[in-house]
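Visitor: Got a minute to walk me through this one? I'd like to poke around a bit.

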Amino acid sequence: INEFYHPLVGFLLVAIIVPIYEEYIFRAIALTAMEKRVGFIFSNIIQSIFFALMHDDLNLFFFYVAFGLIAGYLVRRSESVLPGIIFHSTNNTIAFIAILIIK
């Protein structure tokens with residue numbers, strides 16, 4: 001992203017916009033819908049696997065699955081998508097800053 005856009009635009013996308021829409025898609029919509037039919041544990045595992053597959057990086061597949069499981073737990077425990085968004089934004093902000101420093 002930083003190769004094509006100003007870092008501020010990259011930050012806005014990676015740390016703010018993406019966490020909001022991904023948390024709504026995977027945790028607020030998918031997890032909640034599946035949980036009504038098959039229970040929380042199975043639903044959380046499935047949405048985490050879909051979340052990992054969507055990122056299309058097999059080297060980080062298990063990281064994304066673990067991340068999705070934690071985010072799903074946070075959303076279920078709090079009964080709100082906001083903790084998932086904060087967790088996701090924090091992770092992406094740290095990664096974004098690390099990439100800026102490394103390059």
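Guide: Sure, we can go through the pocket, the charged pairs, a few side-chain contacts and some backbone angles. Keep in mind that this is a predicted model.

Visitor: Okay, pocket first. How much space lies in the largest pocket?

Guide: The largest pocket holds about 450 Å³ of space.

Visitor: And which residues lie nearest its centre?

Guide: Val14, Asn92, Ala95, Phe96 and Ile99 lie nearest the centre, out of 20 residues in the lining.

Visitor: Which helix gives the most to that lining?

Guide: That's α4, with 7 residues. At least two residues each come from α1 (7-38), α3 (61-78) and α4 (82-102).

Visitor: How do the lining residues divide into nonpolar, polar and charged?

Guide: For the largest pocket, the lining has 12 nonpolar residues, 5 polar and 3 charged.

Visitor: Switching topic. How many salt bridges does a search of the whole structure find?

Guide: There are 2 salt bridges. In one of them, the side chains of Glu23 and Arg27 meet, with N to O at 2.7 Å.

Visitor: Where do Glu23 and Arg27 sit relative to each other in the helix?

Guide: They are 4 residues apart in α1, so about one helical turn separates them.

Visitor: Is Glu23 buried or exposed? And what about Arg27?

Guide: Glu23 counts as buried because its relative accessibility is 0%. Arg27 is also at 0% relative accessibility, so Arg27 counts as buried.

Visitor: Which residue forms a salt bridge with Arg76?

Guide: Glu35 does, and the closest N and O atoms are 2.8 Å apart. That pair links distant parts of the chain, with Arg76 in helix α3 and Glu35 in helix α1, 41 residues apart.

Visitor: How accessible are Arg76 and Glu35?

Guide: Arg76 is partly exposed, with a relative accessible area of 42%. Glu35 counts as partly exposed too, at 24% relative accessibility.

Visitor: What lies 3.0 Å from the backbone nitrogen of Glu35?

Guide: A polar atom of the Ser43 side chain. Ser43 is in helix α2, which covers residues 40-54, and Ser43 counts as buried at 0% relative accessibility.

Visitor: What does Ser43 touch, leaving out residues up to four places away in sequence?

Guide: Ser43 touches Leu31, Met34, Glu35 and Val38.

Visitor: Back to α1. What's Thr32's side chain up to?

Guide: A polar atom of the Thr32 side chain lies 3.4 Å from the backbone oxygen of Arg27. Thr32 is in helix α1 and is partly exposed, with a relative accessible area of 34%.

Visitor: How far apart are Thr32 and Gly72?

Guide: They're 40 residues apart in sequence, and 9.6 Å apart in space from C-alpha to C-alpha.

Visitor: Last topic, the backbone. What is phi of Asp56 near?

Guide: Phi of Asp56 is near 55°, a positive value in a residue other than glycine.

Visitor: Why would you flag a positive phi?

Guide: Because most residues other than glycine have a negative phi. As for its place, Asp56 is in the loop between α2 and α3, and at 70% relative accessibility Asp56 counts as exposed.

Visitor: And what about phi of Glu79?

Guide: Phi of Glu79 is near 60°, and that is a positive value in a residue other than glycine as well. You'll find Glu79 in the loop between α3 and α4, where Glu79 is exposed, with a relative accessible area of 74%.

Terms used: Residues numbered from 1 in each chain as written. Predicted model: local features only at pLDDT ≥ 70, side-chain atom pairs only at ≥ 80, totals over all residues. Heavy atoms only, no water. 1 Å grid on protein atoms, 1.4 Å probe; cavity = no way out; pocket = protein on both sides within 12 Å on 5 of 7 lines; lining within 4 Å. Points joined across faces, edges and corners; volume = space filled by probe spheres on them. Nonpolar A, V, L, I, M, F, W, Y, C, P; charged D, E, K, R; others polar. Salt bridge = Lys/Arg side-chain N within 4 Å of Asp/Glu carboxyl O. Buried < 20%, exposed > 50% of the residue type's maximum accessible area, 1.4 Å probe, protein only. Polar contact = N/O pair within 3.5 Å; in protein donor to acceptor, adjacent residues only side chain to side chain. Contact = heavy atoms within 4.5 Å.
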